[in-house]
Amino acid sequence: MNRELKFRAWIDDDVEMSYSNTHDTLGQFFCWLEEEFWDNSYHIMQFTGLKDKNGQEIYEGDILSFPTSNWINREVQVVWYEKQHCWALKNNHGIQHTTSGGRAYLIDGKHLEIIGNIYENPELLK
């Protein structure tokens, strides 16, 4: 599967999200970040290559709602799981599901729904 490389950046001082597809190339996006925000804090997040059940692109740092085995919705964060080199769903108890594991939650996205992200809606994970 070829995944389109896309990124977004949360810019602390501006309190806003900026997306790489608003620039002609990824290089221009990263140069713009460095030039505009060299003295500010920003956080880069990568597109997972997946979309949620509403067709929204899922990025690292997104907070998702998904049904568990007992069909109670849970809020989880999308993270890069370095140990297995894969995307994972994480809640307050740690890593719950990975793209390399047996569960398909993060593989197809059809049951997932983006409800926010860790910068604009951190209260969703508490």
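How many helices and how many strands does the protein have? In this predicted model, the protein has two helices and nine strands, and the legends below take up several close-up views in turn.

**Figure 1. The overall order of helices and strands along the chain follows the pattern β-β-α-β-β-β-β-β-β-α-β.** The protein is made up of 126 residues, of which 38% count as buried. Among the contacts that join residues at least 6 apart in sequence, 46% are between residues at least 24 apart. One pair of residues distant along the chain is D62 and N121, which are 59 residues apart in sequence, while their C-alpha atoms are separated by 9.3 Å.

**Figure 2. Four strands form an open sheet in the order β2-β1-β3-β4, with antiparallel pairing.** The edges of this sheet are formed by β2 and β4, each of which pairs on one side only. Direction ignored, neighbouring strands of the sheet are turned against each other by 35 degrees on average. Within the sheet, β1 and β3 are joined in the antiparallel sense over five bridges, and the residue of β3 that serves as the bridge partner of I11 is Y42. Helix α1, which spans residues 26–36, lies across β1, β2 and β3 and runs at about 10 degrees to β1. As general background, the strands of a sheet pair through backbone hydrogen bonds, in either a parallel or an antiparallel sense.

**Figure 3. A hairpin is formed by strands β1 and β2, with four residues between the strands.** Strand β1 covers residues 7–11 and strand β2 covers residues 16–19, and the two pair in the antiparallel sense over four bridges. A9 has S18 of β2 as its bridge partner. V15, in this hairpin, takes a positive phi near 50 degrees.

**Figure 4. Aromatic rings come together in pairs, of which the structure holds seven.** In the pair of F29 and F30, the ring centres are 5.3 Å apart and the planes stand at 65 degrees, so this pair is edge-to-face. The two residues can also be described by their accessibility: F29 is buried, with a relative accessible area of 0%, whereas F30 is partly exposed, with a relative accessible area of 29%. Through ring pairs, F7, F29, F30, W32 and F37 are linked into a cluster. Such a pair of aromatic rings is described by the distance of the centres together with the angle of the planes.

**Figure 5. The rings of F47 and Y59 form a tilted pair.** Their centres lie 5.5 Å apart and their planes are at 45 degrees, which is why the pair counts as tilted. F47 belongs to strand β3 (residues 42–51) and Y59 to strand β4 (residues 57–59), so the pair ties together parts that are 12 residues apart in sequence. F47 counts as buried at 5% relative accessibility, and Y59 is likewise buried, with a relative accessible area of 2%. Over the face of the F47 ring lies K6, at 5.4 Å from the ring centre.

**Figure 6. The side chain of T48, a residue of strand β3, lies beside backbone atoms of L50 and I58.** T48 is buried, and its relative accessible area is 4%. A polar atom of the T48 side chain lies 3.1 Å from the backbone nitrogen of L50, and a polar atom of the T48 side chain also lies 2.8 Å from the backbone oxygen of I58.

**Figure 7. The side chain of D62 makes a polar contact with the side chain of R8, at 2.6 Å.** Is D62 buried or exposed? With a relative accessible area of 3%, D62 is buried, and D62 is found in strand β5, which spans residues 62–67. When its neighbours within four places in sequence are left aside, the residues in contact with D62 are R8, E57, V76, Q77, V78, I114, G116 and N117.

How values were computed: Residues are numbered from 1 along each chain as its sequence is written. This is a predicted model: local features need pLDDT of at least 70, side-chain atom pairs count only at pLDDT 80 or more; totals for chains, interfaces and linings use all residues. Side-chain values use heavy atoms; hydrogens and water are left out. Rings of Phe, Tyr and Trp (its six-membered ring) pair if their centres lie within 6.5 Å; planes under 30 degrees apart count as stacked, over 60 as edge-to-face and the rest as tilted. Buried means under 20% relative accessible area, exposed over 50%, partly exposed in between (1.4 Å probe, protein chains only). A charge sits over a ring if NZ of Lys or CZ of Arg is within 6 Å of the ring centre and within 35 degrees of the ring normal. Two strands pair if DSSP finds at least two bridges between them. A polar contact is a pair of N or O atoms within 3.5 Å; within protein, one must be able to donate a hydrogen and the other to accept it, and residues adjacent in sequence count only if both atoms are side-chain atoms. Axes are lines fitted to C-alpha atoms, for helices over the stretch in contact, and angles run from 0 to 180 degrees between N-to-C directions. Contact means heavy atoms within 4.5 Å.
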